Amino acid sequence: MQQVQLSEVEERVYQAVTALETRGHVPYPDLIAQETGMSEEQLQAPLHLLTEKGLLHREDSPMAGLDFGPRWCARQMA
């Protein structure tokens, strides 16, 4: 099986998402930004790239009227 190569920023963002999930937090962009020390704007590109690589997936709020923005959930690395 081929291993996915990540940039330093992608690795940091992926680790932040998995750490938030492990602690039972919902990985919203503001929490990911806080965890990584990056701004939400800086997260846009790595979140998109991690999604393209199949390591994260975006989930929109399932409850109408309670939209806190998208959640980014990790898929397990092989």
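Here are three short exercises on the helices and the nonpolar core of this predicted model.

**Exercise 1. Work out which side of helix α1 faces inward.**

Step 1: Start with the extent of the helix. α1 covers residues 8–22, 15 residues in total, and its first and last C-alpha atoms lie 21 Å apart, close to the 21 Å expected at 1.5 Å a residue.

Step 2: Pick out the buried positions. In α1 these are Glu-10, Val-13, Tyr-14, Ala-16, Val-17 and Leu-20.

Step 3: Now look down the axis. The buried residues of α1 fall within an arc of 155°, so they line one face of the helix.

Step 4: Check the other side. Glu-8 and Thr-22 are exposed, and they sit on the face of α1 turned away from its buried side.

Step 5: Ask what the inward face meets. The buried residues of α1 pack against α2 (29–36), α3 (40–52), β1 (56–59) and β2 (71–74).

While you are there, glance just past the end of α1, where Gly-24 takes a positive phi of about 85°.

**Exercise 2. Decide how α3 is oriented relative to α1 and to α2.**

Step 1: Take α1 with α3. Their axes come within 9 Å and cross at roughly 80°. A crossing angle of 65 to 115 degrees counts as roughly perpendicular, and α1 and α3 are therefore roughly perpendicular to each other.

Step 2: Find the residues at this crossing. From α1 come Val-9, Glu-10, Val-13 and Tyr-14, which meet Leu-43, Pro-46, Leu-47, Leu-49 and Leu-50 of α3.

Step 3: Repeat for α2 with α3. Here the axes come within 9 Å and cross at roughly 100°. That angle makes α2 roughly perpendicular to α3.

Step 4: List the contacts again. Pro-29, Asp-30, Ile-32, Ala-33 and Thr-36 on the α2 side meet Glu-40, Leu-43 and Leu-47 on the α3 side.

**Exercise 3. Trace the largest nonpolar core and find its best-connected members.**

Step 1: Count and rank. The core holds 16 residues, and those touching the most other members are Val-13, Tyr-14, Ile-32, Leu-43, Leu-47, Leu-50 and Leu-56.

Step 2: Assign the core to elements. At least two of its residues come from each of α1, α2, α3 and β2. The largest share, five residues, belongs to α1.

Step 3: Zoom in on one member, Leu-56. Setting aside neighbours within four places in sequence, Leu-56 contacts Tyr-14, Val-17, Leu-47, Leu-50, Thr-51, Trp-72, Cys-73, Ala-74 and Arg-75.

Methods. Residues numbered from 1 in each chain as written. Predicted model: local features only at pLDDT ≥ 70, side-chain atom pairs only at ≥ 80, totals over all residues. Heavy atoms only, no water. Helix = DSSP H or I, 4+ residues; strand = E, 2+ residues; numbered from the N terminus. Expected span 1.5 Å × (residues − 1). Buried < 20%, exposed > 50% of the residue type's maximum accessible area, 1.4 Å probe, protein only. Arc of directions from axis to C-beta. Contact = heavy atoms within 4.5 Å. Core = buried A, V, L, I, M, F, W, Y, C linked by side-chain atoms within 4.5 Å. Axes fitted to C-alpha atoms, helices over the stretch in contact; angles between N-to-C directions. Parallel < 35°, antiparallel > 145°, perpendicular 65-115°, else oblique.
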